[in-house]
Amino acid sequence: MIMLNKLLEKFSRLLVFWVVLAAAIGYIFPQALVPLKPYIDWLFAFTMFGIGCLLSLKDFKPILEKPKLIFLGTAAQFIIMPFLAFVIIKTLGLTPALAIGLILAAAVPDAMAAGVMSYLAEADVAFSVALTTTTTLVSPIVTPALTYFLGRQYIPIQFWPMMQSIMMMVILPLVLGLAFKHRFSDVSQKIKPVFPALSTLFIAFICGLVVALNKTALAKVTPLIFIAVIALNLLGLFLGYGAGKLFKFDLAKRKTLAINVGMQNAGMGAVLAIKHISAESAIPNALFATWCIISAAILTLVWSRNKH
């Protein structure tokens, strides 16, 4: 059992490798992934169920004990990233489909992987988990609202269907996961290592599916979208840290806020793009999901070596 857990942990740590491999499969053998498109909602929902099984009531304590810190962090997340996306889109002149995709990448909550990166960066892990939980819980309203407000000038956006999708794919499975862990704590503890590996597998799959669905369109994609995604992430990290200084957070919380703001749940963004907009609009999210892991890993390495 211990060996299996170690293998699952190693599998999760190789996220970037699996994403690149899945993208290659999607491009070379698109027919291997495209038939799985109808099941993408269920796969994402199962991932969120697994995350719910990893959480506990103590993870919600910082939300209740320090609501001001959580409010400031959540506000920074949903102000900085959409603002950056808007500026980048206008500056680079992205096509409507890619513009919507970048807006979605900026409007989704921060990624659960931010907690892992905060741990590696010796930041405030409890604060990170609380921020991710809060941004996820408010995402059914905030994400479609931001997408509608910023994206309707490019493509008609349906607020209510997107909100319903987030409720069914994110909130309901998350609550069911929490309930399962509370009711069957022994079982959930035994299968706990499985869920990060499944989440890794899902992110790789969604990136591969996006490539498979866009094999023809990718040939027409210019380097601008790569620049847009990298700029959104790096500026998000920088301004997230700056917001922490503005809020007079301690160093650990500044690091945490930088990571949480800069890392987005791009898997959710890609699923929403495919379901409600177009396969092409999922491209920025697939790129973001890969790049933000790389940049955060580099940042945590720098911070772990320089603790001042």
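**Exercise 1: L57**

Work out whether L57 is buried or exposed, and find the loop in which it lies.

*Solution.* Start with the ground rules. This is a predicted model, where local features need pLDDT of at least 70 and side-chain atom pairs count only at pLDDT 80 or more, while totals for chains, interfaces and linings use all residues. Numbering runs from 1 along each chain as its sequence is written, and side-chain values use heavy atoms, with hydrogens and water left out.

Step 1: L57 has a relative accessible area of 68%, so it counts as exposed. The cut-offs are under 20% relative accessible area for buried, over 50% for exposed and anything in between for partly exposed (1.4 Å probe, protein chains only).

Step 2: L57 sits in the loop between α3 and α4 (61-65). Helices here are DSSP runs (H or I, at least four residues), numbered from the N terminus.

Step 3: look across to L178, which is 121 residues away in sequence but 8.5 Å away in space, C-alpha to C-alpha.

**Exercise 2: α3 against α9**

Describe how α3 and α9 cross, and list the residues that meet.

*Solution.* Step 1: two packed helices are described by the angle between their axes and the distance between the axes. For α3 (residues 40-54) and α9 (residues 159-183), the axes come within 7 Å and cross at roughly 40°. Axes are lines fitted to C-alpha atoms, for helices over the stretch in contact, with angles from 0 to 180 degrees between N-to-C directions.

Step 2: the crossing of α3 past α9 is right-handed, meaning the near helix is turned clockwise from the far one by less than a right angle.

Step 3: on the α3 side, the residues include F44, M48 and F49, and their partners in α9 include V170, L174 and L178. Contact means heavy atoms within 4.5 Å.

Step 4: sort this contact by class and you get 15 nonpolar, two polar and two charged residues. Ala, Val, Leu, Ile, Met, Phe, Trp, Tyr, Cys and Pro count as nonpolar, Asp, Glu, Lys and Arg as charged, and the others, Gly among them, as polar.

**Exercise 3: T136**

Say which residues T136 touches, and whether T136 is buried or exposed.

*Solution.* Step 1: find T136 in helix α8 (residues 125-151). Step 2: leaving out residues up to four places away in sequence, T136 touches M48, P109, M112, V170, I171 and L174. M48, V170 and L174 also take part in the meeting of α3 and α9. Step 3: the relative accessible area of T136 is 2%, so this residue is buried.

**Exercise 4: α15**

Find out how many residues of α15 are buried, and name the helices they pack against.

*Solution.* Step 1: nine of the 11 residues of α15 (residues 266-276) are buried, so the helix is largely enclosed by the rest of the structure. Among them are G267, M268 and L272. Step 2: these buried residues pack against α3, α6 (96-107), α8, α9, α11 and α16.

**Exercise 5: α5 against α13**

Give the angle and the distance between the axes of α5 and α13.

*Solution.* Step 1: α5 (residues 67-92) packs on α13 at about 145°, with the axes 9 Å apart. Step 2: this crossing is right-handed too. Step 3: α5 brings residues including I80, L84 and I88, and α13 brings residues including A228, L232 and L239. Step 4: the class split is 15 nonpolar, two polar and no charged.

**Exercise 6: the second largest pocket**

Work out how much space lies in this pocket, and which element gives the largest share of its lining.

*Solution.* Step 1: the volume is about 340 Å³. A pocket, on a 1 Å grid over the protein atoms alone, is an open set of points where a 1.4 Å probe fits, with protein on both sides within 12 Å along at least five of seven lines; lining residues have an atom within 4 Å of a point. Grid points are joined across faces, edges and corners, and the volume is the space filled by probe spheres set on the points.

Step 2: of the 18 lining residues, V211, F226, A286, L287 and T290 are the closest to the centre.

Step 3: α2 (15-28), α11 (194-213), α13 (224-246) and α16 (283-305) each give two or more residues, and α16 has the largest share with five.

Step 4: by class, the lining has 17 nonpolar, one polar and no charged residues.

**Exercise 7: two positive phi values**

Compare where E122 and K248 lie.

*Solution.* Step 1: most residues other than glycine have a negative phi. E122 has a positive phi of about 55°, and K248 one of about 65°. Step 2: E122 is in the loop between α7 (113-120) and α8, whereas K248 is in the loop between α13 and α14 (251-262). Step 3: E122 is partly exposed at 46%, while K248 is exposed at 77%.
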